[in-house]
Amino acid sequence: MNLNDSQQKAVSHKNGPCLVLAGPGSGKTAVLTRRVCALIESGVPAREILVITFTKAAALEMKERFERLSDDIHPVTFGTFHSLFWGILQKEIGFKSTDIILGNTRTKIIREAMAKVNLDHDDSLLVKSFSSELSVINNRVGGMDNYLPKAVDKKELRDFVLAYENLKAKYHVIDFDDMLKKAYELFVKKPEILKKWQNRFSYFLVDEMQDMNDLQFQLIKMLSARTNNIFCVGDDDQSIYGFRGANPKLMEDFRNHYPDSNVVVLDYNYRNPINIVEKAGNLISKNTMRFPKKIMATADEGNLCIKELKSEGDEAEYIISKINELSADGTSFDEISILYRNHSDARYIVDKLLESKIPFYLKEKMPNIYSHFIISDMEAYFQIAIGNETRARLLSILNRPNRFLHRRSVEYRGNLQGMKFFYKDNPGCLRATEALITDVNLISKMSPCAAINYIKNVMGYDSFLREEAVKQNADVSEYYDVLDFFIEMTKDCKTIKQAIDKLNIMRLKVDYENKTKVIDKKNKIGLYTLHSSKGLEFENVFIIGVNDGIIPSNKADSKEEMEAERRLFYVGITRTKRNLYLTYTNKKNRDKSRFLDELNYSSSNASP
Ligand code: ATP
Ligand code: MG
């Protein structure tokens, strides 16, 4: 690869601060890895070089890129902010990996802290609000000082934080968000420890700087203060972690922090086809909060295909057919990726890929749609209908929909007909049981699809879903989507028995895939959320669910959030080296994404 002049300038930058600001595909990561090699060649000991990114996957990817460039093995440190500072805390304070609290354990302590300061710890929404406020505070320099919480009262938050901190100290645990805060406190309180770590590294390189938050910047600034050899690359247009406190303005501020810094701009795009560069430029120019950039394409035209489909099932089938075409033309699977807004949007495509035996990998676990409560409910009805009833199955659907039957009033005798009620004299109970028996007999003779519709619309499962959505503060249309998914999955099954068998097979397949999950991406299609696709590139990129409400998310209701959604879509479309397929559905009158029109919006056509 022949570096262009600006790239060369960045690679050969030796000492002092340097910022590389450039768009997607301009070689920022390429420059960064080459600079590591250049430093080693110039005599810098590899163990003094620290390369930092934001996710484990990105750190690994970077390490691989570097290893491909260099024949020898060099002990350069490739890490994430969390791995680096957690390592420091373990060494300096003696934390163990079992001291990190995550997920439910953390929520339990949050609830306990809320109870201590008389907050309603049974209100899941309130628990969520306090939990996310904690993350924000822990990722701020200065913690709660000058902070105005969004969703909760400031005094309550202060009391809560104190109680939460006390509990963590009592149990001697730490949560993921406080790792960086604790490291910062450690460096401030114990300058001798900071000094020791400042001596450990002499060159600092950061990829994807736009995702850095203030605390991370302070930490890296402190750590590199001995040499000031800090080299950051980034693109403000790809800042997609604002919700975690990322502050792309840090890139603008870099020069204020380091007045003598070298700033390099790269303006050739080596990845995207020329028509994609142009369309991506149209899209992103709709954002107001950005540094305008000049990006020149170096590649030829690629293929942009936008397709409307009737349902997610059709969308998945369309993608499978395109994948088969590509594969027949000699494209290997690892040159294909499928991107989506949310992990749960992947379920149709995962289902179809498994069915078609096309190899693929997911960074996360498979979406566990098969254990969704709605699917379990349908399965319970189906099992009961074909005579496989158990007490547990019966109880699980007893009040779905609500039949006002108390579980303790049921005496179960091995089959539905034999089900007895203690309160036999209660005519309401009796009627409800008889109706259930009649309904179950009826659905036993239906096709799975008809049975699902019957349970939903005639038996009243629909009203149960609507009540449940209110209780869980969920969107009922997401529940309907799960039912639709189940209908789609069982549409080729003639009988209820076949549907149950298929469900079991799919569950086994997903289990198997999750258990045998290997990082090996060779000759497999990559499935990524738009967020996790950042930094990657593929010959062929599919983005599914390009609908208003999905991309952009219906949760984006401010101008800032809409701009963040646009950046996320921008990240997605700029992953392609050749073909880009964008698909959306017109199901339930959903609109296609407003971003599709913006691809053709040119600022030179716009009225002043
Ligand atoms: P992103 O913002 O998406 O992370 P990036 O700026 O980090 O993109 P890279 O991934 O480093 O871009 O590079 C994009 C592609 O362009 C890579 O395949 C890289 O090998 C190639 N490339 C970079 N510079 C050159 C060059 N001078 N000549 C040819 N190819 C290049
Ligand atoms: Mg990159």
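**Group meeting: two cis prolines, a ligand shell and three helix pairs**

Good morning. Proline 552 sits in the loop between strand 17, residues 538-543, and helix 22. I begin there on account of its backbone: the peptide bond that leads from isoleucine 551 into proline 552 is cis, with omega near 5°. Please bear in mind throughout that this is a predicted model.

A cis bond is also found between arginine 400 and proline 401, where omega is about 5°. The loop that holds proline 401 runs between helix 16, residues 391-397, and strand 14, residues 410-411. As general background, most peptide bonds are trans, and most residues other than glycine have a negative phi. On the latter point, asparagine 118 has a positive phi, near 60°, and is not a glycine. Asparagine 118 belongs to the loop between helix 5 and helix 6.

That loop brings me to the helix pairs. In general, two packed helices are described by the angle between their axes and by the distance between those axes.

Helix 5, residues 103-116, packs on helix 6, residues 124-138, at an angle of about 105°, and their axes are 10 Å apart. Because angles from 65 to 115 degrees count as roughly perpendicular, helix 5 is roughly perpendicular to helix 6. Helix 5 brings Thr107, Ile110, Arg111 and Met114 to the contact, while helix 6 brings Val127, Phe130 and Ser131. By class, the residues of this contact are 4 nonpolar, 2 polar and 1 charged.

The second pair returns us to the helix that follows the loop of proline 552. Helix 22, residues 559-573, packs with helix 12, residues 274-284, at an angle of about 175°, with the axes 10 Å apart. Helix 12 and helix 22 are therefore roughly antiparallel to each other. From helix 12, the contact takes Ile276, Ala280, Leu283 and Ile284; from helix 22, it takes Arg566, Phe569, Tyr570 and Ile573. What classes do the residues of this contact fall into? There are 7 nonpolar residues, 1 charged residue and no polar ones.

The third pair is helix 13, residues 312-328, and helix 14, residues 347-356, with an angle of about 45° and axes 9 Å apart. That angle makes helix 13 oblique to helix 14. The crossing of helix 13 past helix 14 is right-handed. On the side of helix 13, the residues that meet helix 14 are Glu312, Gly313, Glu315, Ala316, Glu317, Ile319 and Ile320. Their counterparts in helix 14 are Tyr348, Ile349, Lys352 and Ser356. This contact divides into 5 nonpolar, 2 polar and 4 charged residues.

I turn now to the annotated region and the ligand. An unreviewed UniProt entry places the feature "domain: UvrD-like helicase ATP-binding" at residues 1-273. Over residues 1-273, the chain is 50% helix and 14% strand, and the C-alpha atoms at the two ends are 18 Å apart.

Which residues come nearest to ligand 1? Of the 19 residues around ligand 1, they are Gly27, Lys28, Thr29, Ala30 and Tyr270. Helix 2, residues 28-41, and strand 9, residues 268-273, each supply at least two residues of that shell. The most come from helix 2, which gives 3 residues. By class, the shell around ligand 1 has 9 polar, 6 nonpolar and 4 charged residues.

To close, I would recall the angles of the helix pairs: about 105° for helix 5 with helix 6, about 175° for helix 12 with helix 22, and about 45° for helix 13 with helix 14. Thank you.

Key: Residues are numbered from 1 along each chain as its sequence is written. Chains are lettered from A and ligands numbered from 1 in the order in which they are written. This is a predicted model: local features need pLDDT of at least 70, side-chain atom pairs count only at pLDDT 80 or more; totals for chains, interfaces and linings use all residues. Axes are lines fitted to C-alpha atoms, for helices over the stretch in contact, and angles run from 0 to 180 degrees between N-to-C directions. Helices (H or I, at least four residues) and strands (E, at least two) are DSSP runs, numbered from the N terminus. Angles under 35 degrees count as roughly parallel, over 145 as roughly antiparallel, 65 to 115 as roughly perpendicular and the rest as oblique. A crossing is left-handed if the near helix is turned anticlockwise from the far one by less than a right angle, and right-handed if clockwise. Two residues are in contact if their C-beta atoms, placed from the backbone, lie within 7 Å. Ala, Val, Leu, Ile, Met, Phe, Trp, Tyr, Cys and Pro count as nonpolar, Asp, Glu, Lys and Arg as charged, and the others, Gly among them, as polar. UniProt positions are given in the numbering used here, feature names are shortened, and annotations may be inferred rather than shown by experiment. A residue is near a molecule or strand if its C-beta atom, placed from the backbone, lies within 6 Å of it.
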